[in-house]
Amino acid sequence: MSYLTCALLAVLGISLLALGMKVCPLRVLGGRDRSVLVTNGVYSYVRHPICLSCILLAFSAAIGFRSAVGLTMAIVALIIAYVHASFEERELERRFGRAYCEYKSNVGMFVPKRKSTKTPE
């Protein structure tokens with residue numbers, strides 16, 4: 001069972017990494033183009049898919065190797081990813097203002113938010 005979980009997390013992590021990099025050009029990821037707010041593709045589900053992929057891969061390795069040290073490292077990776085994403089979000093709020101705040105209210109940081117199924121009357 002643990003190997004299945006390990007494989008699932010690894011596949012999910014690698015997929016998120018690939019999708020995140022596909023949607024967001026390298027010039028944006030590298031900070032050279034700071035004028036683009038990417039909200040499509042995988043970014044329409046989670047705001048930080050590349051950080052999430054690192055977290056999933058860290059937990060996948062910890063489970064796969066059945067390692068307490070690995071689990072500790074995965075938890076540290078989670079904390080670092082959260083801190084990094086929080087700093088990045090402050091910068092994105094400053095740069096994009098209301099557009100980013102609206103995006104942030106509709107899309108989860110690492111876990112997708114449930115979409116409202118309410119229809120306007």
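**Exercise 1. Identify what covers the buried residues of helix α4.**

*Solution.* Step 1. The cover of the buried residues of α4 includes α3 and α5, where contact means heavy atoms within 4.5 Å. Helices (H or I, at least four residues) and strands (E, at least two) are DSSP runs, numbered from the N terminus.

Step 2. The model is predicted: local features need pLDDT of at least 70, side-chain atom pairs count only at pLDDT 80 or more, and totals for chains, interfaces and linings use all residues. Residues are numbered from 1 along each chain as its sequence is written, and side-chain values use heavy atoms, with hydrogens and water left out.

Step 3. The residues of α4 that are covered in this sense are Gly70, Ala74, Ala81, Ala85, Ser86, Glu89, Leu92 and Phe96. Buried means under 20% relative accessible area, exposed over 50%, and partly exposed in between (1.4 Å probe, protein chains only).

**Exercise 2. Compare the expected span of α4 with the distance between its end C-alpha atoms.**

*Solution.* Step 1. The expected span of a helix is 1.5 Å times one less than its number of residues.

Step 2. For the 29 residues of α4 this gives 42 Å, and the end C-alpha atoms lie 41 Å apart, so the two values agree.

**Exercise 3. Determine which residues form the network of salt bridges, and place its members in the fold.**

*Solution.* Step 1. A salt bridge is a side-chain nitrogen of Lys or Arg within 4 Å of a carboxyl oxygen of Asp or Glu. Side chains of opposite charge can pair when their charged atoms come close. The structure holds 5 salt bridges.

Step 2. One of them joins glutamate 89 to arginine 47, at 2.5 Å from N to O. This pair links distant parts of the chain, 42 residues apart: glutamate 89 belongs to helix α4, and arginine 47 to the loop between α2 (26–29) and α3 (49–65). Both glutamate 89 and arginine 47 are buried, the latter because its relative accessibility is 10%.

Step 3. A further salt bridge joins glutamate 93 to lysine 104, with the closest N and O atoms 2.5 Å apart. Here helix α4, which holds glutamate 93, is linked to helix α5 (residues 98–106), which holds lysine 104, across 11 residues. Glutamate 93 is partly exposed because its relative accessibility is 26%; lysine 104 is likewise partly exposed, at 27%.

Step 4. Arg47, Glu89, Glu93 and Lys104 are thus linked in a network of salt bridges. Leaving aside neighbours within four places in sequence, arginine 47 is in contact with Glu89, Tyr100, Tyr103, Lys104, Val107, Gly108 and Met109.

**Exercise 4. State how glutamate 91 and arginine 95 are related along helix α4.**

*Solution.* Step 1. The side chains of glutamate 91 and arginine 95 meet in a salt bridge of 3.2 Å, N to O.

Step 2. The two residues are separated by about one helical turn, because they are 4 residues apart in helix α4.

Step 3. Glutamate 91 is partly exposed, with a relative accessible area of 22%, and arginine 95 is partly exposed at 27%.

**Exercise 5. Describe the largest nonpolar core and the surroundings of phenylalanine 110.**

*Solution.* Step 1. A nonpolar core is a set of buried Ala, Val, Leu, Ile, Met, Phe, Trp, Tyr and Cys residues joined through side-chain atoms within 4.5 Å. In soluble globular proteins, nonpolar side chains tend to be buried together.

Step 2. The largest core has 20 residues, of which Tyr43, Leu52 and Phe110 touch the most other members. At least two residues of this core come from each of α1 (2–23), α3, α4 and α5.

Step 3. Beyond its neighbours within four places in sequence, phenylalanine 110 is in contact with Val46, His48, Cys51, Leu52, Ile55, Ala81, Tyr82 and Ala85.

**Exercise 6. Locate the nonpolar surface patch and classify valine 83.**

*Solution.* Step 1. Patches are made of residues with over 30% relative accessible area and no salt bridge: like charges are joined within 9 Å, nonpolar side chains (Val, Leu, Ile, Met, Phe, Trp, Tyr) within 5 Å. Accessible areas come from the Shrake-Rupley method with a 1.4 Å probe; for residues, only the protein chains shown count as cover.

Step 2. Leu71, Ile75, Ile79, Tyr82, Val83 and Phe87 make a nonpolar surface patch of about 560 Å².

Step 3. Valine 83 lies in helix α4 (residues 68–96) and is partly exposed, with a relative accessible area of 39%.
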